[in-house]
Amino acid sequence: MRTVPDAVTERLSDLGNIPVAVPVLALAMAYAAWRGNRIGALTAGAAMALVPAVIVPLKEWTARPGPLEPWAAGYYPSGHTATAAVAYVGAALLVRPYARRGWPLPLALALTGATAAGLVLRGWHWPLDVLASLFLCAPLLLAVARTAARTVGPRT
C-alpha cells in the first residue's frame, strides 16, 4: 500500500514532463537574453537539448525494468528527472543574478526534488534512476552556472 495518493504522486512526476518544464526554461532564457546574458541563455538551451543525448543511450544500453513494470525496459536513468533538473535549475541560474532575494535556486531544487519524489513514490522509477539523472545533469548545469554568472547590467 502506498502512503501518498497516486493523484498526488502523478502530479509531482508531471513536473518533469517536457510541456511543463521546458516552457519555464524558455521564459528564463528569454528574460536572461533580454537582460543581456545571451550566452547564458544559449548555454541553458544547449544543456536542455543535450539531455536526450545523455539519457536515451543509457536507457537503451541498460534496459533496466521499472518497479511496477518488470517486463518493460528503459527506466534507468530517469528522463523526467533530468528534464526537471536542467529546466528548473537552469532557469533559476539564469534569473538568480536579477532576483532581489535568493528564491530562484531553492524553488528550482524543490521542484526537481518533488519530481523525483513523485516518480519514486508512484513506482515509476527506482531511487537510483533519479539519482543517476541528477549526477548526469551536473556537468550540464555547471556549464549553465558559469555562463549565467556573467550577467550584463546591474542587479535589480
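A salt bridge is a side-chain nitrogen of Lys or Arg within 4 Å of a carboxyl oxygen of Asp or Glu. The legends below describe close-up views of a predicted model.

**View 1. Salt bridge between aspartate 129 and arginine 64.** The side chains of aspartate 129 and arginine 64 form a salt bridge with an N to O distance of 3.3 Å. Aspartate 129 belongs to helix H6, whereas arginine 64 sits in the loop between H3 and H4, so the pair ties together parts that are 65 residues apart in sequence. Aspartate 129 has a relative accessible area of 0% and is therefore buried. Arginine 64, at 23% relative accessibility, is partly exposed. The count of salt bridges in the model comes to four.

**View 2. Salt-bridge network around arginine 11.** Glu10, Arg11, Asp14 and Arg122 are joined into one network by salt bridges that share partners. Within this network, the side chains of glutamate 10 and arginine 11 meet at 3.9 Å, N to O. A salt bridge also links the side chains of arginine 11 and aspartate 14, again with an N to O value of 3.9 Å. Arginine 11 and aspartate 14 are separated by about one helical turn, because they stand three residues apart in helix H1 (residues 6–14). Arginine 11 is exposed, its relative accessible area being 53%. Its partner glutamate 10 is partly exposed at 25% relative accessibility. Aspartate 14 is likewise partly exposed, with a relative accessible area of 28%.

**View 3. Alanine 63 in the loop between H3 and H4.** Most residues other than glycine have a negative phi. Alanine 63 has a positive phi, near 50°, although this residue is not a glycine. Its position is in the loop between H3 and H4. At 39% relative accessibility, alanine 63 is partly exposed.

**View 4. Proline 67 and its contacts.** Proline 67 is located in the loop that runs between helix H3 (38–62) and helix H4 (79–95). When neighbours within four places in sequence are left aside, the residues in contact with proline 67 are Gly123, Trp124, His125 and Trp126. Proline 67 is partly exposed, with 27% relative accessibility. Leucine 25 serves as a reference point for scale: proline 67 and leucine 25 are 42 residues apart in sequence, and their C-alpha atoms are 30 Å apart in space.

**View 5. Packing of helix H5 against helix H6.** Two packed helices are described by the angle between their axes and the distance between the axes. For helix H5 (residues 104–122) and helix H6 (residues 127–148), the angle is about 150° and the axes are 9 Å apart. H5 is therefore roughly antiparallel to H6, since an angle over 145 degrees counts as such. The two helices cross in a right-handed sense. On the H5 side the contact is made by Thr112, Ala116, Leu119 and Val120, and on the H6 side by Pro127, Val130 and Leu134. By class, six residues of this contact of H5 with H6 are nonpolar, one is polar and none is charged.

**View 6. Threonine 112 in helix H5.** Threonine 112, which is found in helix H5, is buried, with a relative accessible area of 7%. Apart from neighbours within four places in sequence, threonine 112 is in contact with Ala84, Ala85, Tyr88, Val89 and Leu134.

**View 7. Packing of H4 against H6.** The axes of H4 and H6 are 9 Å apart, and the helices pack at an angle of about 25°. H4 is therefore roughly parallel to H6, since an angle under 35 degrees counts as such. The crossing of this pair, H4 and H6, is right-handed. H4 contributes Gly79, Thr81, Ala82, Ala85, Val86, Val89, Gly90, Leu93 and Leu94 to the contact. H6 contributes Val130, Ser133, Leu134, Cys137, Leu140, Leu141, Val144, Ala145 and Ala148. The contact of H4 with H6 consists of 14 nonpolar and four polar residues, with no charged ones.

Technical notes: Residues numbered from 1 in each chain as written. Predicted model: local features only at pLDDT ≥ 70, side-chain atom pairs only at ≥ 80, totals over all residues. Heavy atoms only, no water. Helix = DSSP H or I, 4+ residues; strand = E, 2+ residues; numbered from the N terminus. Buried < 20%, exposed > 50% of the residue type's maximum accessible area, 1.4 Å probe, protein only. Contact = heavy atoms within 4.5 Å. Axes fitted to C-alpha atoms, helices over the stretch in contact; angles between N-to-C directions. Parallel < 35°, antiparallel > 145°, perpendicular 65-115°, else oblique. Left-handed = near helix turned anticlockwise from the far one by under 90°. Nonpolar A, V, L, I, M, F, W, Y, C, P; charged D, E, K, R; others polar.
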